[in-house]
Amino acid sequence: MTEFRFDQWLELYATRVNKMRSSEVREMLAVAARPDVISFGGGMPDTRVFPMNQIVEATQRVMLREGHAALQYGSSEGHVGLRRHIAAIMGEIDTGIGVDDIIITDGAQQALEFIAKIFISRGDTIIVEAPSYVGALQAFMSYEPEVVGIPVDDCGMRTDILAVELERLRREGRQPKFVYVTPNFHNPAGVTLTGARRRHILELSEEYGFVVVEDDPYGKIRFRGEDEIAMRSLDERVIYVGTFSKIFSPGMRLGWVVAPRAILEKLIFAKQAANLCSSSFSQHVTDEYLSSFDWQKNIDDLVDLYRERCATMIGALEEFFPEGATWTKPDGGLFIWATLPEGLDSGELLAESIREAKVAYVPGRAFYVGVQKNSSLRLNFSYCPSETIEEGIKRLGAVAKQQLALYRSLFKGYSPGKDKNKK
Amino acid sequence: MNEKIAVLMGGRSLERDVSLKSGHRVYEALREKGYEVFKLDVDENLVENLKQNPVDVVYIALHGKYGEDGTVQELLEIMGIPYTGPGVYSSHVGFDKSLAKEIFLRKDIPTPDFFTLSAGSFREMGAAGALDDVVAKLGLPIVVKPAGQGSALGIKIAHSVEELPGALIGALSYDDKVVLEKYIKGTEVSVSVLGEENPEALPVVEISTKKEFFDFESMYTMGDTEYFIPARLPEDVLKKVQDIAIRAHTVLDCRDVTRIDIMVDGDGNPYVLELNTSPGMTETSLLPMSAAAKGIDFSDLVEMLVEFVLARKR
């Protein structure tokens, strides 16, 4: 009798590898890559509307002027010219931020990975929003932390609950390493953290001694209303993570971190070990694009487009979704977070939706640690044209209604124990 | 050995990803063996593609709906292209757990007690009112499975009457028809059967999972599940399990290869759960594992399946 091993190296892998799991959701979303499926699943900007000629021109200028540098290794901190632009962008938050307070990473995702790498030892406690950005959870989980999730409502993270949890952790002798928040147009929940709660988190960080990680990919994608004050502008100790993925191009793979000097030094070590430097080519082209073109106008055009698509999606939800369903009405960002009535499971609905309606989305359970059942759906509105959004929501709504009818017939027709009591 | 082979993979079933993994491995194996081989991700151009690139054999590495249920098999019959695996009837019946179990019962092949219900029976006929009777007849726990779905997708288990509606909603998301089956406590095993005239059973694989049953995640996540070949069962029980697998293969008129999933209760009685007509060929699949235990490596196994087709052609 022999025990069979699929993977002869099983005993050799690091324990963190066991946390990397395949999932039904990922399996099903593989189908969503097919062209006949309408997908609200990704978080992609609509690159089809980008000003291609500007990018061609920027690339050409870079190659003719400084092609050798664009093709060469660069510094681990990142290309100075690009960091100057970032400092200017960050000037809205704090005019004191200079080139030396910034390092460039491969998208914000790499910044999150580095933050996890320098702060989390196995078993350490970290605090996230529940729900939270799935990519951040993935980056954090590979360092094997204990994750505490704090619920989110219409005003962002429930800081009253955060305070209670911090007190509990203190009693248990656990020091949380950091609190990770996406204050503007939260992914997936679409909500924005109020100014009062931002201040509350910072007060708590003072009292309990944790680092605040402010992830802000969507801050500039605002449809209406005024910006809330950035946490970094209230407190210099905040780690701020930014990205060009939503305001320029995710294909460039460029993000950045602003952090206190001591933390920045550790991040630079992490950057050196990971990939020495981000793509010089991407950095030079992005620098040139920001220097030569009215990139702010391009963002304004994108925002106009997303505002319209968001409105289309909300209109379609009102028309086609079952009664009792609710959804956020975001003031910006890329996502609507819709919740089905009566606790219908959005993960199960996804199977039906792909099968019957050929519509995909990301079910709520993907955004929590250790949650199996959830009735919310993250719907992306930035990528599909309006007509497609309407058609997709129409089909999805029909499937949801069908599922709801089934659910009602099951739960109304069958109440265990009820008959017995009558007898 | 100049036969031209198309490996059909992917498609739009919920098991697309698994199928791509199976397909890539099969493709590599056939290339290694010297066949002229190309991959085809199945979409609406399948027929057109096959007409423009005539092949000698189609290797079906599809899983799930349309690939495993007789649909693609029927198309290939119409086009006159020989293909690997069981034919139209066997695929059709094998993919429908309810139909397969009905046939097993009629042929005295033990299978756990069960009922079949459709989404329509709940929506149109108030079937929920009969769930008390289902529980009274099958006992608890009850396994709820989509009738037509592979890779354990959508399989739920209800430990109490209260859990039954939720389990039904879950399973009905994957198919409009579900099988409610008595849960057999015991050893979960899987047997692959090769051939047609005198089919032969490969060594019995035991699946020992930390979870209650071998679900989708344990199937494709390393470390969650342990496998033993042969299964840790007495010699006579192993023999009984293999015999029953061969009988299941035969009564559904199967050929080439099938994988039969079986539960063995505490007294050594085997119960057939289902028969798969397109077993997975991924790195963590049971058929290649079982073949390896018999000294048949992956590329030999793949070639053997192609040889079965070529023999039929001759």
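Let me start with a sheet in chain A: four strands form an open sheet in the order S11-S12-S15-S14, and the pairing is antiparallel. At its edges are strand S11, residues 326-327, and strand S14, residues 362-363, each of which pairs on one side only. I should say at once that this is a predicted model.

Within that sheet, take strand S12 of chain A, residues 335-339, and strand S15 of chain A, residues 376-380. The two run antiparallel and are joined by five bridges. To place yourself on that pair, look for Phe335(A), which stands opposite Asn380(A) in S15(A).

Staying in chain A, I move to a parallel pair. Strand S4, residues 125-130, and strand S5, residues 146-153, of chain A pair in the parallel sense over six bridges. Ala130(A) stands opposite Pro151(A) in S5(A). What do S4(A), helix H5 and S5(A) make together? With helix H5 of chain A, residues 134-141, the two strands make a right-handed β-α-β unit.

S5(A) also has an antiparallel partner, strand S6 of chain A, residues 156-157, and two bridges join them. Here Val152(A) has Met157(A) in S6(A) as its bridge partner. The connection from S5(A) to S6(A) is a hairpin through two residues.

Now the helices of chain A, beginning with H5(A) again. H4(A) and H5(A) have axes that come within 8 Å and cross at roughly 35°. The crossing in which H4(A) passes H5(A) is right-handed. On the H4(A) side the residues are Gln109(A), Leu112(A), Glu113(A) and Ala116(A); they meet Gly135(A), Ala136(A), Ala139(A) and Phe140(A) in H5(A).

H4(A), residues 107-119, also packs with helix H9 of chain A, residues 261-275. The angle is about 115° and the axes are 10 Å apart. H4(A) and H9(A) are therefore roughly perpendicular to each other. H4(A) passes H9(A) in a right-handed crossing. For this contact H4(A) uses Gln110(A), Phe114(A), Lys117(A) and Ile118(A), which meet Lys266(A), Leu267(A), Ala270(A), Lys271(A) and Ala274(A) in H9(A).

Next is helix H3 of chain A, residues 80-90. Which of its residues are buried? They are Leu82(A), Arg83(A), His85(A), Ile86(A), Ala87(A), Ile89(A) and Met90(A). Against what do the buried residues of H3(A) pack? They pack against strand S3 (102-105), strand S10 (255-258) and helix H10 (280-292) of chain A.

For contrast, go to Ala196(A), in helix H7 of chain A, residues 195-208. Is Ala196(A) buried or exposed? Ala196(A) has 10 other C-beta atoms within 10 Å, so it is exposed; the cut-off for exposed is 12 or fewer. Ala196(A) and Val31(A) are 165 residues apart along the chain, and their C-alpha atoms are separated by 43 Å.

That brings me to chain B. Three of its strands form an open sheet in the order S2-S1-S3, with parallel pairing. Strand S2 (36-41) and strand S3 (57-60) of chain B are the edge strands, each pairing on one side only. On average, neighbouring strands of this sheet are turned by 25° against each other, direction ignored.

A helix lies against this sheet. Helix H1 of chain B, residues 16-32, packs on the sheet and touches S1, S2 and S3 of chain B; the direction of H1 makes about 165° with that of S1(B). As for the strands themselves, four bridges join strand S1 of chain B, residues 4-9, to S3(B), and these two run parallel. Ile5(B) has Val57(B) in S3(B) as its bridge partner.

Last, strand S12 of chain B, residues 257-265. This strand is mostly covered, with eight of its nine residues buried. Strand S8 of chain B, residues 186-194, runs antiparallel to S12(B), and nine bridges join them. One register point is Val189(B), whose bridge partner in S12(B) is Ile262(B).

S12(B) also pairs antiparallel with strand S13 of chain B, residues 270-276, through six bridges. In this pair, Asp261(B) stands opposite Glu274(B) in S13(B). The hairpin of S12(B) and S13(B) has four residues between the strands, and in it Gly268(B) takes a positive phi near 85°.

Conventions: Residues are numbered from 1 along each chain as its sequence is written. Chains are lettered from A and ligands numbered from 1 in the order in which they are written. This is a predicted model: local features need pLDDT of at least 70, side-chain atom pairs count only at pLDDT 80 or more; totals for chains, interfaces and linings use all residues. Two strands pair if DSSP finds at least two bridges between them. A residue is buried if 20 or more other C-beta atoms lie within 10 Å of its own, exposed if 12 or fewer, and partly exposed in between; C-beta atoms are placed from the backbone. A crossover is right-handed if, with the strands pointing away from the viewer, the path from the first strand over the helix to the second runs clockwise. Axes are lines fitted to C-alpha atoms, for helices over the stretch in contact, and angles run from 0 to 180 degrees between N-to-C directions. Two residues are in contact if their C-beta atoms, placed from the backbone, lie within 7 Å. Angles under 35 degrees count as roughly parallel, over 145 as roughly antiparallel, 65 to 115 as roughly perpendicular and the rest as oblique. A crossing is left-handed if the near helix is turned anticlockwise from the far one by less than a right angle, and right-handed if clockwise.
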